[in-house]
Amino acid sequence: MNILVLKLILAPVIIGSASLAGRRWGAAVSGWLVGLPLTSGPVAFFLALSHDRAFVFDSVRGTLSGGFSLIAFSLTYAWVSKRFNWLVSILSGIFVFTGMTVFLQNVTIPFIPLFSLVVAVIFIGLRLMPKEQAVPSVSNPSGWDIPSRILIGTSFILLITGIAPYIGSRLTGLLTTIPLYVSILTIFSHRHQGHAGAVNVLNGLILGLFSFAGFYLVLGLLIEQTSLVVSFGAAILATLIVQGVSLLILRKRHIHTLE
């Protein structure tokens with residue numbers, strides 16, 4: 001099958017399914033879901049179909065490094081939103097994310113220590129985030145919400161995989177962590193539920209990043225050693241296991257918030 005056709009089929013299915021699940025179970029779960037490698041994972045897969053394994057491994061290391069940028073974005077938005085509206089908050093978050101990405105482009109950390117640092121920073125991020133709060137329910141977004149996410153996400157995957165040979169493997173990996181979906185979800189929750197709604201989404205995101213880190217740990221260890229089926233299959237399995245554990249934690253935290 002032509003790679004472009006595969007991208008146009010696979011990306012909308014993954015993004016649309018996750019979006020429907022997030023709509024069904026609320027803001028915190030939406031944030032938790034976008035912690036999954038919904039765009040960076042397909043990007044890594046399509047890169048593996050058209051580039052050598054060394055290129056893919058380096059992009060995986062870049063993507064894993066992008067976890068630092070996502071934590072910085074989340075903390076910045078969460079604390080700025082206590083005092084300011086969604087526009088100031090998102091601009092502040094994107095500014096910090098961009099600065100971190102520029103910095104990380106010139107920093108190389110061995111793979112296993114990098115994974116350990118990302119996991120440690122996720123724990124730190126959870127401790128530094130404002131506490132989750134109960135928020136009023138809000139009506140579902142309009143009918144164009146999910147189609148627009150599919151369009152944005154698929155376009156992003158096509159763009160990143162298209163320009164990868166020109167910007168290099170490391171920057172390709174870093175750019176796959178641009179917080180597209182979480183920005184949409186957080187802004188929506190901020191506008192309709194205030195600071196508490198935004199914080200709940202971002203707390204869910206940070207908790208979901210454990211599965212993100214697990215996916216890229218397994219993929220990075222296997223991508224140069226085994227077939228694509230084995231490396232991506234094992235990475236997906238690891239993601240599902242870690243995500244299941246984090247869901248239990250999220251549910252317990254949600255129950256505690258409502259008490």
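This passage describes aromatic ring pairs and a nonpolar surface patch in a predicted model.

A pair of aromatic rings is described by the distance of the centres and the angle of the planes. In the model, 8 aromatic pairs are present. One of them joins Phe73 and Tyr77, whose ring centres lie 6.3 Å apart, with 45 degrees between the planes. This pair is classed as tilted, because the angle is neither under 30 degrees, as for stacked rings, nor over 60, as for edge-to-face rings. Phe73 and Tyr77 both belong to helix 4, which spans residues 53–80. Their positions are 4 residues apart, so about one helical turn separates them. Phe73 has a relative accessibility of 0% and therefore counts as buried. Tyr77 is likewise buried, at 0%.

A further pair is formed by Phe215 and Tyr216, with an edge-to-face arrangement. Here the distance is 4.8 Å from centre to centre, and the planes meet at 80 degrees. Phe215 is buried, its relative accessible area being 5%, and Tyr216 is buried at 1% relative accessibility. Phe215 and Tyr216 are also members of one aromatic cluster, together with Phe45, Phe46, Phe212 and Phe232.

On the surface, Trp86, Leu87 and Leu91 make up a nonpolar patch of about 280 Å². Leu91 lies in helix 5, which covers residues 86–104. The relative accessibility of Leu91 is 55%. Leu91 therefore counts as exposed, since the cut-off for that class is over 50%.

Conventions: Residues numbered from 1 in each chain as written. Predicted model: local features only at pLDDT ≥ 70, side-chain atom pairs only at ≥ 80, totals over all residues. Heavy atoms only, no water. Phe/Tyr/Trp six-rings, centres within 6.5 Å; stacked < 30°, edge-to-face > 60°. Helix = DSSP H or I, 4+ residues; strand = E, 2+ residues; numbered from the N terminus. Buried < 20%, exposed > 50% of the residue type's maximum accessible area, 1.4 Å probe, protein only. Patch = residues over 30% accessible without salt bridge, like charges linked within 9 Å, V, L, I, M, F, W, Y side chains within 5 Å. Areas by Shrake-Rupley, 256 points an atom, 1.4 Å probe, with all protein chains shown as cover. Salt bridge = Lys/Arg side-chain N within 4 Å of Asp/Glu carboxyl O.
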